[in-house]
Protein chains: 4
Amino acid sequence: MNSAAFFDVLASITDRSRNLLSRRDLDLAQTEAASGLIDLCEALLSGRGEASGTAIATEVLERYLHLDATGRLALFEGFAEKFGPDRAKLADAAESWLRDPFSADASDLHYFSEARRQELFRRLNRAPGGTHALVRMRADLLELAPNHKALAPVDRDLVHLLSSWFNRGFLMLRRIDWSSPAIVLEKIIHYEAVHEIRDWADLRRRIDPLDRRCYGFFHPALIDEPLIFVEVALTEAMPSAIAPLLAEDRPAVALEQARTAVFYSISNCQRGLAGISFGNFLIKQVAEDLRRELPKLDTFVTLSPAPGFLQWLQRDEGPALSPENRSLLESLDDSAWPRDALAAERLRRVMEPLAAQYFLKAKRADGKPLDPVARFHLGNGAKLERINWRGDLSAKGLRDSAGLMVNYLYDLDEVEKNHEAYANQGEVVASAAVKKLLKSETRSRFGRAAAASIT
Amino acid sequence: MNSAAFFDVLASITDRSRNLLSRRDLDLAQTEAASGLIDLCEALLSGRGEASGTAIATEVLERYLHLDATGRLALFEGFAEKFGPDRAKLADAAESWLRDPFSADASDLHYFSEARRQELFRRLNRAPGGTHALVRMRADLLELAPNHKALAPVDRDLVHLLSSWFNRGFLMLRRIDWSSPAIVLEKIIHYEAVHEIRDWADLRRRIDPLDRRCYGFFHPALIDEPLIFVEVALTEAMPSAIAPLLAEDRPAVALEQARTAVFYSISNCQRGLAGISFGNFLIKQVAEDLRRELPKLDTFVTLSPAPGFLQWLQRDEGPALSPENRSLLESLDDSAWPRDALAAERLRRVMEPLAAQYFLKAKRADGKPLDPVARFHLGNGAKLERINWRGDLSAKGLRDSAGLMVNYLYDLDEVEKNHEAYANQGEVVASAAVKKLLKSETRSRFGRAAAASIT
Amino acid sequence: MNSAAFFDVLASITDRSRNLLSRRDLDLAQTEAASGLIDLCEALLSGRGEASGTAIATEVLERYLHLDATGRLALFEGFAEKFGPDRAKLADAAESWLRDPFSADASDLHYFSEARRQELFRRLNRAPGGTHALVRMRADLLELAPNHKALAPVDRDLVHLLSSWFNRGFLMLRRIDWSSPAIVLEKIIHYEAVHEIRDWADLRRRIDPLDRRCYGFFHPALIDEPLIFVEVALTEAMPSAIAPLLAEDRPAVALEQARTAVFYSISNCQRGLAGISFGNFLIKQVAEDLRRELPKLDTFVTLSPAPGFLQWLQRDEGPALSPENRSLLESLDDSAWPRDALAAERLRRVMEPLAAQYFLKAKRADGKPLDPVARFHLGNGAKLERINWRGDLSAKGLRDSAGLMVNYLYDLDEVEKNHEAYANQGEVVASAAVKKLLKSETRSRFGRAAAASIT
Amino acid sequence: MNSAAFFDVLASITDRSRNLLSRRDLDLAQTEAASGLIDLCEALLSGRGEASGTAIATEVLERYLHLDATGRLALFEGFAEKFGPDRAKLADAAESWLRDPFSADASDLHYFSEARRQELFRRLNRAPGGTHALVRMRADLLELAPNHKALAPVDRDLVHLLSSWFNRGFLMLRRIDWSSPAIVLEKIIHYEAVHEIRDWADLRRRIDPLDRRCYGFFHPALIDEPLIFVEVALTEAMPSAIAPLLAEDRPAVALEQARTAVFYSISNCQRGLAGISFGNFLIKQVAEDLRRELPKLDTFVTLSPAPGFLQWLQRDEGPALSPENRSLLESLDDSAWPRDALAAERLRRVMEPLAAQYFLKAKRADGKPLDPVARFHLGNGAKLERINWRGDLSAKGLRDSAGLMVNYLYDLDEVEKNHEAYANQGEVVASAAVKKLLKSETRSRFGRAAAASIT
């Protein structure tokens, strides 16, 4: 039985009587299917594959859909073992280069060391829908990779190709609004990762009012599939809390009153593109386009969560806390605190300085801030503009950061300079107000009279 | 004077008073401009480049437009010398891999040997219009490369990226007809490389009648720029000459009568994409689409020139010719022969067997046929179906091939098999009729009674 | 105070302090606003209106939005009184025509009798969004017309214009699916008049599966506003009940299995276009398009309600019922009957013949069938194909027709002939099966042995 | 033989052997074909026509294409005679209205006097391509109407419908540029009526440069068919001659320098829409759009011909001319005068005042200016801004107006007022400079010293 015929049998088994097979039989069938696919991949890399146009590539991608985790693992392991570089040629090139590294051109070394799977992926990409299929294949690979170190080079190659193909120059910025196709909008509902969109009525409130915008990057090979999108609110002033922005009955801001564009939610959509960053380009492009369209806008700012704040507070390596503050922080466990104005104010006096410490001082081993959202925006050249106590009193907001939110400011004329300071000196570029909180924090740690006085 | 300011001065010089400068001063200015651009490219590769969005890339590409050949050479030499791989890291990786080539993963070797210019090109691609700018940069590079061997690795890297970016999966097939934008159509007129399109009326005859089609591949980043296009005539039978297909007053074939799709002209449009092949995919895709749209079509065939035929006849390594045939061939110099039926028939008896010999026997050092058009279609899996004496009596046709044309047949069910025979055994897949000509050729060489008898 | 200034005051009053004004003051203000609008309409009809481009028309339509029912009534009465024809010219034309009716051309009579409001409406239509505004104005007019006979000529003129403008030749058939803009889809949810669409998930089940279609007519001047739409299910056989078609978990029919296109819901969307019929054209166009796209489809049929059936049964002029049948019909009041198989079967034997009588015999004064849905489809040339007992067991279905549904068959080759029979002889074209029911009905009325035997 | 079968015979005769038939036989065949079409039109108006969807309408329009002038005349005469109003009903309505004209509603009178051909045209419009077919039918009608008075009511009805259907509210303004489809552009070349476009290169110079614009009105039912288009040049100052605007090698004006939009050519495209005016709306819409896009534009002006000027000069009712001037004007016959600076200047002194007289004083019986272009622009509310001596030295320009051109100024804030003055007081709104010429004209007529002094 040749592999294709075998595969047909397998497919029919898969569909009809999967439950009747023992796990062991199934695994065997999957492994054989993967092995048949490996052969087909070899054919695709041969001259025959060249002549067949896109037929073999299409068949590989269709068969791939029938693999389960066992089959996929077998296939990816095949990619790792059998589709590396031609080792003999590579050895020659490596020796030849090492003999005279400073005059020799390293091109041969580079191209002879390219794993054959790169060409395999490029040929798979020729099939209709190939790009999307490879993005999903990468998502599958990411599921398996953590437990299978041998797959790392496969992932490295796939990421390399996808990075090149999803280069900013190929992305199209599209506005997403109530005239967008439902097939796109349902993905916005699905992929929104920051402030959940509950249903279509909720979606409409996010994208339809005149003072709301949503923009996404799309790739020409992935029709109707956003890669990343950002939700923007146009407001008069920089907002300090999320709830008023999302309130069902809020009055809309007239466009001529708007001075501030607030990026309050950015969501990546394609798990298979993890590690390929679009957010930096998206924010800057949207900011530039909005500035052109609405010249009165002068402030471009985020309203961002501080997802690691509370965890840091509770870590052993977290901040030194006075016993008083420590007990005060325990009151956070009482879910009623946000409704107790006095308690909330008492907490604010302690929490704001701690937050300043978290953003300005708490660093990872590599010297970057602990907070992942901060790393993203500071890395883009934004400035930590303001810390907002009681910015997000939703269950998630309270759980992650005791309700604290942050504004990062994108001053397009400053982002390069800010980025340099951050990248080269590790400086967290922050407003005077945030820096001042840090000093008050220092004070509050050692002299607690002020904090006590309001009780 | 920093490089940007210097460049501004240069630009103004360039525009206003170029003629007043000595060539030497100009070259100096160009070399300095190139040097400034190299610095800017370094900035683009730095973290600052990352933070700047697309601004620096845009500036590089704009400044590039002001370079003349001297400046471009200096820049490309800079790309060759200064934007290779990091040699220290690469040496480590090479040694480490050579130590244990059969267990070690070659990924590090591959990625450390990647020249920095690859990332540079990827970042340039982020700018608006970047892809098109890089394609044009490659065309400039191709001008210089033959005389400057050091540029070869730069070209290799650029081709590598462009091949990946212009992968079949990203190309869009579009029909080109009388409803297409003029901005596209004028390029069809301009790029047509096989049978000249004289003016708009001539163009309309090629694309507007119901029995004429034109299709092109486009890339989403190159709006309104065809990459390659093919002109198709729908006919009842396989045609043996080009003039009737292009005649101004020809009657159109009713669609329901058409059985044959004739690919009578394929033209590449982008010099900067030389070496990246689209034609194979284009022909097969168009054939498949036409078959779906018009199920009565059963023959997909070219009407192709034989550009090297006459040159081969006249070469020393060309065919052995009897003195009689040699003198007969001399009559080709008399431009009146096509109008002399007897002379033409006499020539036919000699030329057809010689053509068969040319296609079936005349090979390059690598075993492939001498004729470049034959190499392309045979490599695609087509079959040499028929040799057409007096197929193209235009000046160009007579000059290249004494008016001879060829039909290559695309039988979609046979192309894989044909390709294998061609690629593996070097077989020129040909029809029985063409092969028979070869035998008659053998005969005609040794016994010339037949040829003589008609005089 | 000129009318424009007055209007501005009114507008500000309207927005801010409407509640503070007495109803009487408000009415006065509205009447004055209407009077100002009448003046503006006169200006629009003057040469000044011609020169102003679309400015005055735009202003009229904007001011109109501020009128409430009182203001609108005053305005429409103004249209009736002040924008009729020029009576002097008309009298001349009428007399002149009556003098010699058989040789004279009636053109003058026709054009002099045209009410000036027709030109007024045509000029209003020039404003951006004018067509949609006039459609909504007609809807407002329809609210008031029943109680104000003087408005009838205004309505007649508006209908005349809208009929001409919404001529079939200007309508565009568009498929509505999951790729349609949300702004269109929400209107589908809103306007669906036959089988309610509960939410977006429900909508998706209606338009996204491969065996479901939805098509609407659109007008180029009403972007994103469907005029009418039809929902179609592709099935193997003619369906007898609606619930299986709408079931959430139904399996989709493979396209190659589908033989029947079922029009199971047609909804008009624009109240202001009441009386202008699109349904006939829509069904036939969709049937033709589907037949072209899917040549295996051979049956085009509706699954329709019988909205007047139960009401007719209960009318005094309804059918003569035996006491037994009368008491049997009383069991319909017990909402449990559909779940009692024996009761349902007993009812079926009585109800089907009664339904046949309802469709074939029950007529209005004008000789047309009582049932409005029957009038629509028979008028289109469809044939009453089948009566489906227990076709719609929803609350609405039970309430209107005791759950009975009907299939009307559109045989495109027969519709002209059927229409003629219906229009000229008043014949209800019906299948033999339906006609046979009628005979059984006659029998069951006089000899009830059969019906009794199953008890 | 029924009319359809007869028609088929006719069609085949028409195509094959038209030349063999005598004119008389042909006329007979055409008349019978027209008669068959009349029957089909009756069917279309019947209920059967309603049921047939668009099939009968389609057939009528297809058969119409086979009629020659004889057949068309017979058909149109049929429309005039047989498709008038129902005279009996109309008589009742007329009498009933005359009995009480001041209280009675004239609606019945209006709708009963509507000729049945109006509904016929509306039903023909339902066919695919029906609108375009009716526009072409009107063009045919216009050919015949001048010699056949009985067709006037048919034309009146057709114009009425087309006016309503081509209402400004249904027209779409589209920019026409080098990205427009060739199928549209070739029509621009063809329809340009003012300054001939010689070929595609010439067209490109009109629409592709940044300082050139072209806009057209399109109707949704006439795809790719412009109704009217205007060519616009963006310039720094108001131009006084056409040649520099059209010069092949002229330098383009940078957009930021442009202050003036010059409408230098307006062409109607559809002969069948003669009498339905779009130009007024087109100019104002384009002016408004340009002002929004390029806020620095402050002058909107035409550069227009004076087509009747020279003819007026030579008429008996033309201006009173002194013998000297008369002989001077004779020098216009010498085609060399434009190249003789002195002669040209001498002519200017006479011609400019005469032109002022032509525009300001020369009137038709209805009090409107003689010049048709002046009537159009003044009727739109434009102002006669400047008379340009030697504005158009092309053969056509010299022949029509001795090379004189005119600027009409569109001041959007003044057009209503200007129009009123023109429409109500018959005032030709003109600049002080033009009015001053008139005075000099008066002077020059009586005292010729000044004119003489330069000789």
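Two residues are in contact here if their C-beta atoms, placed from the backbone, lie within 7 Å. Keep that cut-off in mind as you work through this predicted model.

**Exercise 1. Find how many residues of chain B and chain D are in contact, and describe the side that chain B offers.**

Solution.
- Step 1: Apply the cut-off to the pair of chains. Eight residues of chain B are then in contact with eight of chain D.
- Step 2: Look for the element of chain B that gives the most to this side. That is helix α11, residues 182–191, with three residues.
- Step 3: Sort the side of chain B that touches chain D by class. Six of its residues are nonpolar and two are polar, while none is charged.

**Exercise 2. Draw up a general portrait of chain A, from its span to its buried share.**

Solution.
- Step 1: Take the span of the C-alpha trace along its principal axes, which is about 85 × 60 × 50 Å for chain A.
- Step 2: Count the secondary structure elements: chain A has 22 helices and eight strands.
- Step 3: Turn to burial. Chain A has 455 residues, and 42% of them count as buried.
- Step 4: Consider the contacts in chain A with a separation of 6 or more. Residues 24 or more positions apart make up 73% of these.

**Exercise 3. Work out how domain 1 and domain 2 of chain A meet.**

Solution.
- Step 1: Set the bounds. The domain assignment of chain A gives domain 1 as 3–165, domain 2 as 169–302 and domain 3 as 305–453.
- Step 2: Place the centres. Those of domain 1 and domain 2 of chain A, taken over C-alpha atoms, are 36 Å apart.
- Step 3: Count the residues in the contact: 11 come from domain 1 of chain A and 11 from domain 2 of chain A.
- Step 4: Find the helices on the domain 1 side. In chain A, α9 (130–144) and α10 (152–165) each supply at least two residues, and α9(A) gives the most, with seven.
- Step 5: Classify that side of domain 1: six residues are nonpolar, three polar and two charged.

**Exercise 4. Examine helix α10(A) and say which of its residues are buried.**

Solution.
- Step 1: Check the length. The 14 residues of α10(A) reach 20 Å from first C-alpha to last, close to the 20 Å expected at 1.5 Å a residue.
- Step 2: List the buried residues of α10(A): Pro153(A), Val154(A), Asp157(A), Leu158(A), Leu162(A) and Trp165(A).
- Step 3: Recall the helix rule. An α-helix has 3.6 residues a turn, so residues three or four places apart point the same way.
- Step 4: Name the partners. The buried residues of α10(A) pack against α5 (69–82), α8 (116–124) and α9 of chain A, together with α7 (107–112) of chain B.

Methods
Residues numbered from 1 in each chain as written. Chains lettered and ligands numbered in written order. Predicted model: local features only at pLDDT ≥ 70, side-chain atom pairs only at ≥ 80, totals over all residues. Helix = DSSP H or I, 4+ residues; strand = E, 2+ residues; numbered from the N terminus. Nonpolar A, V, L, I, M, F, W, Y, C, P; charged D, E, K, R; others polar. Domains from an automatic or database assignment. Buried ≥ 20, exposed ≤ 12 C-beta atoms within 10 Å, placed from the backbone. Expected span 1.5 Å × (residues − 1).
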